Every structure is written in C-alpha cells, then in structure tokens.
Amino acid sequence: MDPGRAPTSGRFCSPRRSGPCISSSSIPGFAVYCAKAGRDAALDPARAAVLAASTVALGFLVWLFLGSWRRRRPSVTDADFSFEGNTPEERHRFLTHMSLASSALSIVAVIYTTIPILVLETCR
Amino acid sequence: MTSVSRDGHGPDPQDDPAIRRAQEERLARVWEQPKGWRYWTAVNNSEVGLWYIVTSFAFMLFAGVLGLLIRAQLARPDGDLLSAELYNQVFTLHGTAMMFLFGVPIFEAVAILLLPALLGARDLPFPRLSAFGFWCFLLGGLFVCGSIFFDAAPNSGWFMYPPLSIDQGGIGAEIWLLGLSFIEVASIAAAVELIVGVLKCRPPGMHLNLTPLYGWYVLIVGGMIVFAFPPLIAGDFLFELEKAFDWPFFDASRGGDPLLWQHLFWIFGHPEVYIIFLPSIALLAMIVPTFAQRPIAGYSWVVLSAIGTGFISFGLWAHHMYTTGMPSISLGFFSAASEAVVIPTGIQIFVFIATLMMGRVIRSVPMLFALGALMIFVAGGLTGVMIAVAPFDFQGHDSYFIVAHLHYTLFGGMVFPLMAGFYYYFPLAFGKLLSRRLGIIAFWLLFVGFNVTFLPMHLTGLLGMPRRVFTYPQNLGWEIPNLVSSLGAIVIAAGFATVILDVIRTLRNPATAPRNPWNAGTVEWMLEMPPKPWGARTIPHIESRYPIWDAPDFLARYDAGRFYLPDAEEGKRETIVTSVLDADPVQCLRVPGPGLMPIVAAVALAAMFFLATFHLWTLTVLAGFVALGAILWWLWTGTALPPEKPVKEIGLGERVPIYMAGPQSVGWWAMFITMTADLVAYLSLVFSYFFFWTIHTDFPPADAAGPGWAGPLAAGLLFVLAWGLTLAARKLNDRAHIGATRVCLGAGILAGAVGIAALIAGPALTGLDATHHAYPAIVWALVVWIVAHAGIGLVSQGFCLAGHIRGRLTSDHDADIWNTTLYWHFLLFTALVTTLVIGGFPLVA
C-alpha cells in the first residue's frame, strides 16, 4: 500500500488502484502492466513496449503520408488547396489531400503523447 | 425563350407557366402543414426543427434563471436566499440543463431545421424519427427540470459522481439518470438522421469536396455522438442497476470503484464539449464567407481540423480527473493530448481570420457576434492550455477558475456563434429580418455582461474559492469579485431579454425579408421568402460550393423548376437519395407525412423511463410493451412500403428506383449507425469488466462459483445457429424460396430463445448473487444486456416472418430482412464476446 496516503476517499489512486487511472491511457497493455506491477515498478519493460507501439504507429502513418504524397495532385481549378472542381477526380484529389494532412496531424499527436514515457522512470 | 426539355428532347414543359403553377399547387397540397390540433402531428423538418429550437431555448432560459439564482445567492457573503440543499439542486440543474437540454439538443435542432435547406433537399430521410426524437427530448427535459418544483431535483453536480450521488442523491439522481438516458436516445436518433442526411441526401452533383462546411461539421459531430454518448448510456445502465437493485459497481466496499463512473462519464463528457463547440463553429463557417463576400479560404483545412478536433477529443477525458491521484505517466499522456488538440482547433480560427482578411468585410449583427465569439473563445482556449498542464490544474481544480474557463469556452465556442447563426438564419426560418439596432444593443449587453460576470471568476478561483459552495464567509477577499460577477449576470439577462423582445417585435411585423438578404452564395439562400412548406421548389444540380455566386442563371433555373423533382405527380412527399462520394442520384425516396405514431411511441417510452424512476416495475414493463407495440405498428404501417411502380423519372433525364434495400438504402445505413452506437455502449460494459480485473489482484474472486463455461458455450453456439438461420432466410428469400425462408426464420426464433435461456442459466444455476460483489454484478449486467438485445432480435425475426406471410416482405421488397440480418451480425458479435468474457476469461485469468 502507498504509505503516504490513507484511502479515505475515492478521489485518488492507491497502488492497487493505479490501474484504472493508467488504463485511461491509449496503451492498454502498458496500463495493465503498471496496474499489476504496482506504483514503484520500473517503467522499462513498458517503455520498450510503448516505444515499439509508437514506432509501429509512426511507421504506418509515414507510409500513409508518403502514399498520399505520391498520389497528391493540386486542385484542377487553381493549383492550390481549394479543390473546387465538380468532378469525381477532383473529389479524389481532395480526399487524398485530407488523408495527407490527417496523417501529418496524427504523426504530431503520436509524438506528443509518446514524449511522457521518455522522461518518466517508474509507474508512480 | 425555349429551353431543352428535361429528357433532352423537344420543348421543356417547364417553359409553360400553367404547368409550373399546377406543379406548385400539387407540391403545396402534398407538403401542407396539418391544421388545428393535428399541427402537432407534423413531422416535416421545418416544423420539428422549429419546435426543437424553441424548446431548447426555453430550457436554456430556465437554466439561465437558475444561473441568476446562483449569482443572487453568491452576490454577498453569508447569502441566505437559497438553502444549501436547494442551492445544490439549482447548480446541478443549471449545469445539467445547459449541457444536456441546450448544448447538445440545439445542435440537433438547428441541423434538423437547416440541413435540408443546405443540401437542397425537401426533408431529411427519416422525418418521423426526428419528430420522435423531439418528443422524447421535450418529455425528458420537462421531467428533469420539473423535479425542482417538487424539491426532488438532482443535487450532486452535473456529472453525478458516486458515492455522493448514491449516498445522498435520493430520487434526484435517478431522475437525472433515467431522464437523461431517455434524452440520449433522442440525441442518437438525431445523429443517425443527420449522418445519413449528409451522406445520402446531398443534391446530385454535390461531390464530397463541394459539401457545405456545415454539412461536414454535422457529419463529424454526428459520428462523435455515435461514439461518445453510448459510454454514458452504459454508465447510466450500471448506475441505475446500483441505485435500483443494489448491484455494487461503484461501491468500493464490495469490489466496485467510483472511478469507473468518472471514466465512463468523461469518455462521454469531454467529446461532448466538442460536440457542442463544433456545430456552432460550423455556423461561423457559413457566415464568415458571406460577410467577407468571398469563398472560405482553406476549405480543406477546415474539414481537416474539424476531423482532427473530433478525433483527438476522444483522447483527453482524463484531464478532468487529474486530481484523482493518477500516476504521472497518465498525467503526462493526457496533458500532451490536451495540448495537441489546440493545433486543429487553432487552424479553424486562423482560417476564419484569413477569410476575413482576404475579403471585404461587411459589418452586420451576425459578424459582430462572430467576432465576439472568436475573442471570447480564444481567451477560454488560453486558460484551457493553462489547466491542461497538470501542476497548474492541481491548484485550479474545482475552483472558480474552472468555472470561468468552461464558461469562456462555452460562451465563446457555442453561445456567441449560435447567436450569430440565429441572426443570420432567422430569415430562412421565418422570412423576416431581425432588427439591426436591437441586435447591436443585444450584442454589447451580452458581450460586456459576459466578461463582467466571468472574467472576475478567474480571480475568485485563484483566491481559493471552490465551486459549488452555497455561501462563503466575509474577509476572504471574495466579496468584490463575486458582487461584480452577480452584477454582470444581470447585464447578460438584459441582453437575452433584448433578443427575445426583438424576436417578438419582428414576428408581429408583417414586413418580409427580401430573398437572400445577405447576398450569400450557398445553396440554402435559393429558397423563396417567406419560406414555402415544400422547402426546395426543385432539387438543384450542384456544380460549385457557392452556386448563387458562381452560376448567374442558377436562381432563374431554380424558380422555373428546371432541376430535379419539380413536381409531386403521385401526391407523395419525395426527396432524392444520392451516392455517398459523388452524389449520383440513386433513389427517389418517399418520405412520410404527418402521423401520430412518433408521439405515441415517445409518450409510451417516456412513461417507461419515468415509472422506472419510482420503481413501479409492473407499470414500467407495461409501458415498455406499449412502446414496443407502437414502434412495431409504426414500422409495419409506414416503413419500406412497396411502391406502385419500380422506377421514376426525376428530371434532367434521370430515372431512378423508388424502393431500395440493403447497403444502398438509407434504412440500412441508419441501422448500421444505430448498431455501431449500441456496440460502443456494449464495449463500455466490457471495458468495465476488465477495469475491475485491473484493480483487483484476484478477479474473478476466488469464491465466485459462476457462471461456469457450459451455459455460455451453449448460448454462444445457439446464437451462431440463430444468426446463421437469419442469414440463410435472407438468401433464400432472395431466391424466392418461400417455404424455406419461413422455416429458417421460425427456427431462428426458436434457436435464439433457447440461447437466451442458456445464457441466463449460466450465472443463475451457479448461484451468482449480483448484490454480493462487483464481479457477479458485471457478469449479470453483460447477460442482461445481451438478453435484452437478443429479445429485440427475436422480435425482428418475428416481424420479418409476419411480413413474409402477409406479403409485405418479398424477394423484390426485402429491406426488412436485410436490416434484421444486419442487426443479427452485431448481436452475434456482442453475444460471442460476452460468452467468451464471462465463460472463457475466468478459465484463463
């Protein structure tokens, strides 16, 4: 048990209850690891797993990004990002652009959310 | 001048004014509003949307009065206007009504009213579903709000945290749970309607990249509702089981955990903030180009950022729970995600600013509100960045700083854009323009009043005043900021009073607005003033995002009925269904007219929920049967009816079928979306099961005897059999094997019924007592969920069997069995997961 905190309310996590808190993260395996290993456990095994998962995610996103980049064509109407033409081809260009930009945004989001695991050392 | 006819040969009949007049008379007769008391049986989007808006504004005013009571109580130290208990009810209902009865419903209301006009359609694909949703919303809202007059309102805060809400909540908590669950049903109904509307009811030629931005936002927000509301429905389900039957999901002394509720609530609650914000910003995306008199700059970036915001908003929920003692890794993760959402949100704001900078801005009341919205929202967003950082949040948590932050985001992100949209679209709803002078006065009252009320609250919070206290002592330095806030609240009230005055004054004034009064370029402004009951005179062919600006003869062609469906030859209400990506016409959809069934079904369902609040179980079950009967009658008499001819000429040389089944039809899409929402609710229950597993060292507990593996295994196999028989029935029916189809449907019902019995037998025969511990409780909850769904599956099979026997379901007209099969796909998946979890997981754990 966590000696510093008496379990007087439901508003915080004791070691046994750290699981639900962590399970709120998007990496369920890591959440379960810390829940079961306790608060003082080292993060190293989970860190490796999260970094591997992030690498796979980033690899997939980069693959999507490059695929969209190769297929992307400027809008037929003004060589810009307006995509105002009324043809299925223009609609396709628009969707390609959307997938390109969405994968870029996702890459940023994945990097953001991976940063914490690089600086922390235990499940605390 | 003679133009080419609609089929490309000979003179165009639309050249003849007599023909056009006859068409308009037929359209007027078909789309006529019912008179007298029957007016309330209307289902057309123009009526239902209007009722919806008026009702949610009424709830907003009610909640606003509660807000004024709060400010009156806190205007001075040791206030005694309200007792502590009444104050608890007042602030709980203020938050609840603003979020659930105004924030979300006003999106549905505005979208139901506007979306058909923006898409040039005559109506949405399921008008009675909209009407049903409205009546559910009205009844549920009255039930929840009315409780305060009986001193029985919910009193534990708008997020209803256990154990407080269980120990002290009384009946108020159940009114909250059941009343809001009922309203969530309406929200999901509206989401289904709106998603299918945007995907399948765009006018021919409106490729995805030409869809109005409002349509994109509606699509995204509809999708968010489908994924965000079900976790709360699952949470409500568990909570009600605990309140009514003492199943200890949130009771730590019996293996439950109050934090489970916080997770389920905020998995809903945080996306909900964006569900409220995005559709209001969507109004700005329509308004800003009009008053900049140029197309939006960066259409694709707005779509991207709306998708990005919607997506990331699902990864932020635990930032409402920083002080629950989460480990630093969770704090880090949710802080990072909370900061990341700023990127797409910021893109939208910059696109609006860029559009204004590149155009020539016309000053108007909607623009004033739009600019006010941007200023307030940016301020609220900046405090959001502050409290996304956990160490700061630890200081600000549960203080008035949070109250200030959330009001800045909601007023800036929702109320002001909505007011902008209100002034902008008022002519489209009523054919009249609101007063410019009163609008400007109202804006300044609201803008100044808002800032005077909520800016000091940042300070009050930093000075340490917690939220939700009913009074405070002197000499803490809180007196002056509180007094200033209370004075500001009066100014806000004066602002809203000015708006109401303006509306009453304008509606009494006979003068009508000119057509397209703002000189806008988007499709909805093609409508005549005052608006006609049929909506679009003819469903246009779209070739650009701003057809009124881009095609000089667009309005003339529209007025002459030279596009699609200029007539109602068969005396039916019709609109066009198109393909999802490129909007090619695929079907002429007959939509229903006025009817009582939505009201009857809503009243019966309301009775069921309300009676359950008082634990009158016999009457609850009875009301449930009435609701089921009403819905079945509605389906039997009014859906998927075989038409008098297979195809119809809709104009411009297009011939399309009238009846469609399977993945091409709107009904199949609606079923798919509804079942996706249902699946999310189910997965939230599975999440709860494994949540308990993570917090317990022994789960299932060593002393738990059940449910064993035999019952679940038998149930799983029987459900596979029932599903297979349903699928076989669909395929056999397709090949017109009449007898075999009926045998399969009948045998499917039997297999499903025995499967239900086997599923119940598992926990029942092993003596699992749901009140003993969270483990048996969650096992039983999963079983109850599947049993209820399998029951509906059996009724659907029975419905198909009866339809087949009565000749309404044939090999050519088989929408019912397509939808039933789709339902069974989802049912099979959830049933198998359940049997694996409750029967299989204990073996490996």
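Helices here are DSSP runs of at least four residues, numbered from the N terminus. B:Thr55 lies in one of them, helix H2 of chain B, which covers residues 45-74. The model is predicted.

**B:Thr55**

B:Thr55 has a relative accessibility of 11%. Buried means under 20%, so B:Thr55 counts as buried. What does B:Thr55 touch, leaving aside its neighbours within four places in sequence? The partners are B:Phe134, B:Phe137 and B:Leu138.

**Two interfaces**

The table lists the chain A and chain B interface beside the one between the two assigned domains of chain B.

| Interface | Buried area | Share from carbon and sulfur | Citation |
|---|---|---|---|
| chain A and chain B | about 4,100 Å² | 65% | |
| domain 1 of chain B and domain 2 of chain B | about 730 Å² | 76% | |

**Chain A against chain B**

Contact between the chains takes in 47 residues of chain A and 50 residues of chain B. How many salt bridges join chain A and chain B? The count is one. The side chains of A:Arg91 and B:Asp582 form a salt bridge, with an N to O distance of 2.7 Å. Polar contacts across this interface number ten residue pairs, both residues at pLDDT 80 or more.

On chain A, three helices each supply at least two residues of the side that touches chain B: H1 (18-23), H2 (28-37) and H4 (88-119). H4(A) gives the largest share, 16 residues. By class, this side of chain A holds 23 nonpolar, 14 polar and ten charged residues.

**Domains within chain B**

The domain assignment splits domain 1 of chain B into two segments, 13-38 and 525-657. Domain 2 of chain B spans 680-844. Their centres, taken over C-alpha atoms, are 36 Å apart. Eight residues of domain 1 of chain B and nine residues of domain 2 of chain B make the contact.

Which three residues supply more of the area that domain 1 of chain B buries against domain 2 of chain B than any other three? They are B:Trp636, B:Ala640 and B:Pro642, with 66% of that area. The rule finds zero salt bridges between the two domains. Three residue pairs are in polar contact there, both residues at pLDDT 80 or more. The side of domain 1 of chain B that touches domain 2 of chain B has seven nonpolar residues, one polar residue and no charged residues.

Conventions
Residues numbered from 1 in each chain as written. Chains lettered and ligands numbered in written order. Predicted model: local features only at pLDDT ≥ 70, side-chain atom pairs only at ≥ 80, totals over all residues. Heavy atoms only, no water. Domains from an automatic or database assignment. Contact = heavy atoms within 4.5 Å. Buried area = accessible area lost by both parts, 1.4 Å probe. Salt bridge = Lys/Arg side-chain N within 4 Å of Asp/Glu carboxyl O. Polar contact = N/O pair within 3.5 Å; in protein donor to acceptor, adjacent residues only side chain to side chain. Nonpolar A, V, L, I, M, F, W, Y, C, P; charged D, E, K, R; others polar. Buried < 20%, exposed > 50% of the residue type's maximum accessible area, 1.4 Å probe, protein only.
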